[in-house]
Structure formats: C-alpha cells, structure tokens
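This report introduces one protein chain to a reader who has not met it before. It proceeds from the chain as a whole to its sheet, and then to the helices and the cysteines.

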Amino acid sequence: AVRATIILVEDRLASPSDLSDEPPSENAPHHVNSEDVRERGYTYVLPKNILSKFICVADLRTQIAGYLYGVSPPDNAHVKEVRCIVLVPQVGNHQTVTLPTMLPEHDYLEEMEPLGWIHSQPNELPQLAHQDVILHAGIMAENESW
C-alpha cells in the first residue's frame, strides 16, 4: 500500500498545485463514513495533501518521522482530524529513526492536540516493530499531554 501511494504521488508531481503547505481549512468538510467510526477508540482523518507532502519529503533508504497534531470536530470527540505533521530534528537510517522525546512547541500548535507520530519505513510490517514500541513509550513517559 505504501509503495502504491508513493507511485501515485510521484505520478502527480507533474501537478504540484495539489500539494499545499497550507493546512486544511477548519471549515472544509471532511466526510467520514459513519460505518468507519467506531463506538470505542478513535477514528483518524488524515488529509491526502498532508500525507502526500510527507511521502514527497521521505527518502526510500532513510526513515523519517513527524509528530501528528490535530483537532476533534465539535460534534464528535471520537474523530481526530490531523491538521499537520511536525518534522523535528531527527536521526534516521534504513532500520529506525530517533526523535527527541520533548514535543515541539509553537504558537501554531496551541489550538491542536498531539495525536501521535508517523514514520516511513522500507517494508510494511504486520505489527509494530520493537523500536517503535520503545520510541512511543519514551515519548509517552516524557509528555503528560499524551
């Protein structure tokens, strides 16, 4: 699925107007099929332009990562709309990526909540890699907002 998305994005690079640095408008409708929203847990909405931009800056041989920030619509706290991916200073190679455990701080992020993190990897895995579990546990231990 990741490779198919990369191919799709590379094909669309001829039309860079589809990729925007601007976050989606707060008033822009995001259609979430009610069958996809679960009673328990959360449903995450990741706009295509944000995912495409992340894939475009990624390297096939070096993993990169970013923190996901977003909001919940006023009418449904179980839906989380990703508004941005914050790329912080990091060290990556073909096996793993290392992020700082302190979350980024910026005025732009004040109205948003941290939703998680995302990273590229060379292959899809059926479960979280042990490095990912360790990284996530470290981030959670250092940040009460998670």
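A residue is called buried when its relative accessible area is under 20%, and exposed when that area is over 50%. The structure discussed here is a predicted model. With that cut-off in mind, strand S6 can be described as largely enclosed by the rest of the structure, because six of its seven residues are buried.

**The chain as a whole**

The chain has 146 residues, of which 32% are buried. Its secondary structure consists of three helices and six strands. Read from the N terminus, these elements follow the order α-β-α-β-β-β-β-β-α. Of the contacts between residues at least 6 apart in sequence, 70% join residues at least 24 apart. The accessible surface amounts to about 10,000 Å², and carbon and sulfur atoms account for 53% of that surface.

Confidence in the prediction averages a pLDDT of 80 over the chain, and 73% of the residues reach at least 70. In residues 14-20 the pLDDT falls below 50, and this stretch has nine contacts in the model beyond near neighbours in sequence.

**The four-stranded sheet**

Four strands form an open sheet in the order S1-S3-S2-S6, and their pairing is mixed. Strand S1 (43-45) and strand S6 (113-119) are the edge strands; each has a single partner strand, so one side of each lacks a neighbour in the sheet. On average, neighbouring strands of this sheet are turned by 40 degrees against each other, direction ignored.

The pairings within the sheet are set out below.

| Strand pair | Sense | Bridges |
|---|---|---|
| S1 and S3 | parallel | three bridges |
| S2 and S3 | antiparallel | five bridges |
| S2 and S6 | antiparallel | six bridges |

Which residues face each other across these pairings? Between S2 and S6, Tyr67 has Trp117 as its bridge partner, and Leu68 stands opposite Gly116. Leu68 also has a bridge partner in S3, namely Ile85. A further bridge to S3 links Gly70 with Val82. In the parallel pairing, Thr43 stands opposite Val79 of S3.

Strand S2 spans residues 65-71 and is mostly covered, with seven of its seven residues buried. Strand S3 is likewise largely enclosed by the rest of the structure, because eight of its eight residues are buried.

Val79 offers a view of S3 at the level of a single residue. Val79 belongs to strand S3 and has a relative accessible area of 5%, which means that this residue is buried. Its C-alpha atom lies 7.3 Å from that of Val45, although Val79 and Val45 are 34 residues apart in sequence.

As a general point, side chains in a regular strand alternate between the two faces of the sheet.

**Helices against the sheet**

Two of the helices can be placed relative to these strands. Helix H2 (residues 48-57) lies across S2, strand S3 (79-86) and S6, and runs at about 35 degrees to S3. Helix H3 (residues 130-142) lies across S2 and S6, and runs at about 160 degrees to S6. Strands S2 and S6 are thus crossed by H2 and also by H3.

**Cysteines**

How many disulfides does a search of the whole structure find? The search finds zero disulfides. Are Cys56 and Cys84 buried or exposed? Cys56 has a relative accessible area of 31% and is therefore partly exposed. Cys84, by contrast, is buried, with a relative accessible area of 12%.

**Summary**

The model shows an open sheet of four strands with mixed pairing, whose edges are formed by S1 and S6. Strand S2 has seven of its seven residues buried, and S3 has eight of its eight residues buried. Helix H2 lies across S2, S3 and S6, while helix H3 lies across S2 and S6.

Conventions
Residues numbered from 1 in each chain as written. Heavy atoms only, no water. Disulfide = S-S within 2.5 Å. Buried < 20%, exposed > 50% of the residue type's maximum accessible area, 1.4 Å probe, protein only. pLDDT = per-residue confidence, 0-100. Contact = heavy atoms within 4.5 Å. Pairing = 2+ DSSP bridges. Axes fitted to C-alpha atoms, helices over the stretch in contact; angles between N-to-C directions. Areas by Shrake-Rupley, 256 points an atom, 1.4 Å probe, with all protein chains shown as cover.
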